[in-house]
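Subject: Structure for you to look at, with notes

Dear colleague,

I am handing over the structure we spoke about, and below it I have set out what was found, in an order meant for someone opening the file for the first time. Please read the notes with the structure in view.

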Number of protein chains: 4
Amino acid sequence: MHRERFYTLTASCPDQVGIIARVTNFIAQHKGWILESSFHADDLDGRYFMRIEVKADSLPFHLAEFRSRFQPVANELQMDWRISDSAVKKRVVVLVSKQEHCLYDLLARWQSKELDIEIACVISNHDTFKGFVEWHGIPFHHVPVTADSKAAAYAEVRRLFEEVHGDTMVLARYMQILSPELCAAYPGRILNIHHSFLPSFVGAKPYHQAYTRGVKLIGATCHYVTEALDQGPIIEQDVIRIDHSDSVEDMVRYGKDIEKTVLARGLRYHLEDRVLVHGNKTVVFR
Amino acid sequence: MHRERFYTLTASCPDQVGIIARVTNFIAQHKGWILESSFHADDLDGRYFMRIEVKADSLPFHLAEFRSRFQPVANELQMDWRISDSAVKKRVVVLVSKQEHCLYDLLARWQSKELDIEIACVISNHDTFKGFVEWHGIPFHHVPVTADSKAAAYAEVRRLFEEVHGDTMVLARYMQILSPELCAAYPGRILNIHHSFLPSFVGAKPYHQAYTRGVKLIGATCHYVTEALDQGPIIEQDVIRIDHSDSVEDMVRYGKDIEKTVLARGLRYHLEDRVLVHGNKTVVFR
Amino acid sequence: MHRERFYTLTASCPDQVGIIARVTNFIAQHKGWILESSFHADDLDGRYFMRIEVKADSLPFHLAEFRSRFQPVANELQMDWRISDSAVKKRVVVLVSKQEHCLYDLLARWQSKELDIEIACVISNHDTFKGFVEWHGIPFHHVPVTADSKAAAYAEVRRLFEEVHGDTMVLARYMQILSPELCAAYPGRILNIHHSFLPSFVGAKPYHQAYTRGVKLIGATCHYVTEALDQGPIIEQDVIRIDHSDSVEDMVRYGKDIEKTVLARGLRYHLEDRVLVHGNKTVVFR
Amino acid sequence: MHRERFYTLTASCPDQVGIIARVTNFIAQHKGWILESSFHADDLDGRYFMRIEVKADSLPFHLAEFRSRFQPVANELQMDWRISDSAVKKRVVVLVSKQEHCLYDLLARWQSKELDIEIACVISNHDTFKGFVEWHGIPFHHVPVTADSKAAAYAEVRRLFEEVHGDTMVLARYMQILSPELCAAYPGRILNIHHSFLPSFVGAKPYHQAYTRGVKLIGATCHYVTEALDQGPIIEQDVIRIDHSDSVEDMVRYGKDIEKTVLARGLRYHLEDRVLVHGNKTVVFR
């Protein structure tokens, strides 16, 4: 990510001759300085994807005017598109349970401005991290989830997310399955870290499953949450080597290092508008 | 592997106090020089595993006498055990189809004595590599496999394997599914390389499956063949990073590099008696 | 690491016939239950290394008596040896400057008991993390280091380390070079994380050096501190892939993930008595 | 790489507003279909890099006309540029000594058309692989190199390279140091695989150096050859984990797997015109 203020245009459209030319002409006409640009053609589906960073002060107008001036180009190309401003910090809501590793990791990155975001609040079904979160000056909400209270609990999560104008919800080892309604309300905006290398070991206790199968590597997967459990579009994955001497507890411990790193990378790609969802897959312009 | 001649003792037995002492005392009494030793306790199953390399000329007797003298110790400890001699080269039979990468890789390692084995013969359901294999002075057998000829074909494979006194059969991207009889005949002696990170993407066209699911890493798995397709004990696995820009063809290409490396590593562990099968898992003393 | 209490014996001695037998006999005679054991022969130097975990309550005596009873065995074998008790938590002193990633990471691991240690205190040449550390109930000492005050500052660091009976000192991105006296006072007890893949890019600004050289991977190294800067025995290393699009700032960011993971792994090996120093190298029984 | 015929334009120029627009406009005007495109701005040096693949039959003219029509655009932008045709196979000359792993690996990739090149000839200072190379139908030249014959030997290498109209020279573990004249004659066209993770362990016996230093990972580096030994622009690198139990011989063996993979990847990037040299660094558009 660049230090100076910039706009990030992301778009997809049917593939045809002249797309890059059409879009970059528009930018060049207005003296827009392109900092970074990435393009991808999905040959099978005939769809085109792009991400362009333009230096904000190189343009003679602001985002609102960019939007209205660019709309005809987008129409012409039948584009799905959006543009964001690096000066507007994304508002992230973090959901956790009782495991600390992803939470500490995210707060360290936020603290150092490596993740240049607002953490609007932290929501948990336990109060374990209330003191820790509040010490950082971040609001903490304890929303218990029991078999009976699920509907109410998820309604409350949603209310809190709306109240703080959340852009992105991060399940940082949140050990509850969100309701289908909640998943459906924010497509491409809820990130989860699953503690296996999907599609292996879907669902509960993936490290136990991995132990039983005798695999030689374990992994973690950052994906967008959809109504189908652990089936959403994958953003990032990684693995770590284990061997016969590792117990399930060892695997849980090793796994944490992969989980927090994969979540942090996936979240960064998402926040920097590097991820474009395409069906149940992602284009990630790293 | 050490250059001087050595014996490799591998064993497993119920765990109890004094196993290492009992075994290493026997070796020390006979002035046996231990080059390398590895031990593993499976806490859940209460089973103990070991592998010990003893310098051959440090002992006052040869393998046959080692076997008879050690048997009482093994009986006492209720051991499953075996001992091999580094001077006796393992006899390997390689099965291939039309893909060259694993075959070239194995022959290069054999050529340079990195794999210090006899390649007793190569068997293929195609004659693609007849010239290449024979140029290396290795017998080549073309055993076609058609829907109707399967039983006869696998009988022939078995006959050839027996005829050359094969120790180990290696499916080096052999694109046929062995018969249950053949699998059952040589438990822990047939190695396969599967072109996915098992248990993901069992069966046919795993790279297509991986493409469709949108995973961010692809892998390969070296495992012992059992009657259940792609379900046998895993010996070695590895992965390689891909991204949205990679087509299935790209994945096939990247995958080859992982396949041949994982097969070579798994085969080496097997040939050096580093792999002990434990149920459907393996202990690999690297 | 096992849950039940255990003793860890680590030793090295000249290689000869019968070492394992001699040591494991001693343990077996006293009904000691071996949980884990590792052995290594350095063929070039003729030196033998071992690490054995024995279940504490399987033995009929405690550590003091183990020590006195084992000493004759050790003498016989000319052993350098030590034994530790898993019930006695190691006392760690952490030194930091202004970068948060290693500190947050260590505190998260300590918080969850993944690192089952006492953090006796945190010492820093800045007061940046005073509040954060103290919130965790850990004493914080601000010991400024200026060009003129170095001698006094390191004397104070040493006094604090002694006062809290520190076992291990961890330089968690402490951006000062310790005095030769301090290094010499605690051989094999001070761990540093260097932000390059040593021996490449010794000294200051390794990421800038890496950028200039155009390497395709960057790394981090956890090593014991000696008087020679960045030359001490290496405990653990790892790398991460970069490319031409990564600026020095990107490399610093990626590097943090490797630094904290490598430091945590190296520290764990050290605290679990898995590291035996051998000249300027280490044997690490993972 | 795509199956259909395409042209690959690679270029660099001073950075300014409108570069992408200018170039892609030219292509779009002629109905050129862009298959793949990559752009990179070096912020520090103010230089811009690009690589564009255009489907050959989407354009109304051939390469010669493309060249002459594009030249004014290139002049305007002060570009260094070139364009290649996927239908014209690159002519590669491979230099080897007595180690087989890179040679077998390259021939397997060539055999399967994974590397879609002509291997114009193989040159070696030994005759070890004469039979193997010639069996593949590739000319083999034995050019001995002795202390006295160096000048004549390298003159002969150069003559052979010119005679077969070689595009690229690959040192596939060629254990001789090319003369400065030869290096200077083909800048950016001679690839070497060095058996260490440069800049660590320059020069002879890098695995011995690595063993002595006690590193925990070893690596390999594919780079362009320049007159300064092991100092040329790095194209690709990778590493593999080792530990205290690995001898120099083990490291040599592990290293081979990294060497051949890194060389193959680096060579592929080079052959597909994915590598742009920039001072002593490379931009690699993977």
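To begin with the arrangement of the chains, a rotation of 180° with 0.0 Å of shift along its axis lays chain A on chain B, with an RMSD of 0.0 Å. Please keep in mind throughout that this is a predicted model, and that the values below are computed from it. In chain A, the residue that comes closest to the rotation axis is Ser200(A), whose C-alpha lies 2.6 Å away. Because 100% of the interface residues of chain A are also interface residues in chain B, the copies meet through the same surface.

The contact between these two chains draws on 36 residues of chain A and 37 residues of chain B. Together chain A and chain B bury about 3,000 Å², and 51% of that area is on carbon and sulfur atoms. On the side of chain A, the residues that lose the most area to chain B are Arg213(A), Lys216(A) and His244(A), which together account for 24% of what that side buries.

What holds charge against charge here? Between chain A and chain B there are six salt bridges. In one of them Arg286(A) pairs with Asp243(B), with the closest N and O atoms 3.9 Å apart; this counts as a salt bridge since the cut-off is 4 Å. As for polar contacts, 21 residue pairs are found across the interface of chain A and chain B, with both residues at pLDDT 80 or more.

Turning to the elements involved, strand S2 (34-42), helix H7 (206-213), strand S11 (234-241) and strand S13 (281-284) of chain A each supply at least two residues of the side that touches chain B. The largest share of that side, seven residues, comes from S11(A). Sorted by class, the side of chain A that touches chain B has 14 nonpolar, eleven polar and eleven charged residues.

Strand S11 also takes part in a salt bridge, since the side chains of Glu236(B) and Arg241(A) meet at 3.1 Å, N to O. This pair crosses between chains, running from Glu236(B) in strand S11 (residues 234-241) of chain B to Arg241(A) in strand S11 of chain A.

The other two chains can be described in a similar way. Chain C is superposed on chain D by a rotation of 180° with 0.0 Å of shift along its axis, at an RMSD of 0.0 Å, and the two copies are thus related as by a two-fold rotation axis. In chain C, the C-alpha nearest the axis is that of Ser200(C), 2.6 Å from it. Here 36 residues of chain C are in contact with 37 residues of chain D, and the area buried between them is about 3,000 Å². The count between chain C and chain D is six salt bridges, among them that of Arg241(C) with Glu236(D), at 3.1 Å from N to O.

Finally, over all chains the structure holds 44 aromatic pairs. One of them is formed by Tyr104(A) and Tyr104(C), edge-to-face, with 6.3 Å from centre to centre and 70° between the planes. That pair links helix H3 (residues 101-111) of chain A to helix H3 (residues 101-111) of chain C.

With best wishes

Key: Residues numbered from 1 in each chain as written. Chains lettered and ligands numbered in written order. Heavy atoms only, no water. Least-squares fit on C-alpha atoms with pLDDT ≥ 70 in both. Contact = heavy atoms within 4.5 Å. Buried area = accessible area lost by both parts, 1.4 Å probe. Polar contact = N/O pair within 3.5 Å; in protein donor to acceptor, adjacent residues only side chain to side chain. Helix = DSSP H or I, 4+ residues; strand = E, 2+ residues; numbered from the N terminus. Nonpolar A, V, L, I, M, F, W, Y, C, P; charged D, E, K, R; others polar. Phe/Tyr/Trp six-rings, centres within 6.5 Å; stacked < 30°, edge-to-face > 60°.
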